[in-house]
Amino acid sequence: MCKFKTIFPAGIQQIFKSYLTNRHFLLKYRDTYTFLHPILSGVPQGSVLGPLLYLIYTAYLPTTDKSYTATFADDTAILTVHEDPDEATQQLQVHLNKIHPWLIKWRMKENEIKPTHVTFTLKKRTWPPV
């Protein structure tokens, strides 16, 4: 909620707090239910406010002057452009190195399976991974 304190007045903060706290889930397997368990993070799946809250939460994602950040829903792309693909890769790595501590600070976890590094060039060779 600390990000909301800098943006919204107290009344709006209370509305978001009530929307995001005191939520629980249970599982059903065939005819058996588990006990209620608290939901400690996230927003209700498919909620109208979910995308807005995500944008607010990630609004201050670290940037660099040599890369571009593009987001859509919960996906983020980091783009770098340079005539030398090695330099573009290095610029991308610098940006990723800035983002990693930010993710830890704000308790976000990157999807380790999803990242893809794509190099567009006419040169035929293998480029270093990031």
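Aromatic pairs and helix H4 in a predicted model

A search of the whole structure, which is a predicted model, finds two aromatic pairs. One of them joins Phe8 and Phe16 in a tilted arrangement, with 5.3 Å from centre to centre and 55° between the planes. Phe16 counts as buried, since its relative accessibility is 7%.

The other pair brings together Tyr57 and Trp106, whose rings meet edge-to-face at 6.2 Å centre to centre, with 80° between the planes. Tyr57 belongs to helix H3 (residues 50–57), while Trp106 sits in the segment after helix H4 (85–105), so this pair ties together parts that are 49 residues apart in sequence. The two partners can also be described by their accessibility: Tyr57 is partly exposed, with a relative accessible area of 30%, whereas Trp106, at 19% relative accessibility, counts as buried because the cut-off for that class is under 20%.

Helix H4, which ends just before this segment, can be followed from its beginning. At its N-terminal end the helix is capped by Asp84, a side-chain oxygen of which lies 3.0 Å from the backbone nitrogen of Asp86. From there H4 runs through 21 residues and reaches 31 Å between its first C-alpha and its last, close to the 30 Å expected at 1.5 Å a residue.

The buried residues of H4 are Pro85, Ala88, Thr89, Gln91, Leu92, His95, Ile99, Trp102 and Leu103. When the helix is seen down its axis, these buried residues fall within an arc of 155°, so they line one face of H4. The spacing of such a face follows from a general property: an α-helix has 3.6 residues a turn, so residues three or four places apart point the same way. Among the elements that cover the buried residues of H4 are helix H1 (2–5), H3, strand E5 (68–72) and strand E6 (75–79). On the face turned away from the buried side, H4 carries the exposed residues Ile104 and Lys105.

Just after H4, the backbone at Arg107 takes a positive phi of about 55°, although Arg107 is not a glycine. Arg107 is exposed, with a relative accessible area of 80%.

A positive phi is also found at Asn22, another residue other than glycine, where the value is near 55°. Asn22 is placed in the loop between helix H2 (10–20) and strand E1 (24–25), and at 70% relative accessibility Asn22 counts as exposed.

Terms used:
Residues are numbered from 1 along each chain as its sequence is written. Side-chain values use heavy atoms; hydrogens and water are left out. Rings of Phe, Tyr and Trp (its six-membered ring) pair if their centres lie within 6.5 Å; planes under 30 degrees apart count as stacked, over 60 as edge-to-face and the rest as tilted. Buried means under 20% relative accessible area, exposed over 50%, partly exposed in between (1.4 Å probe, protein chains only). Helices (H or I, at least four residues) and strands (E, at least two) are DSSP runs, numbered from the N terminus. The expected span of a helix is 1.5 Å times one less than its number of residues. The arc is that of the directions from the helix axis to the C-beta atoms. Contact means heavy atoms within 4.5 Å. A polar contact is a pair of N or O atoms within 3.5 Å; within protein, one must be able to donate a hydrogen and the other to accept it, and residues adjacent in sequence count only if both atoms are side-chain atoms.
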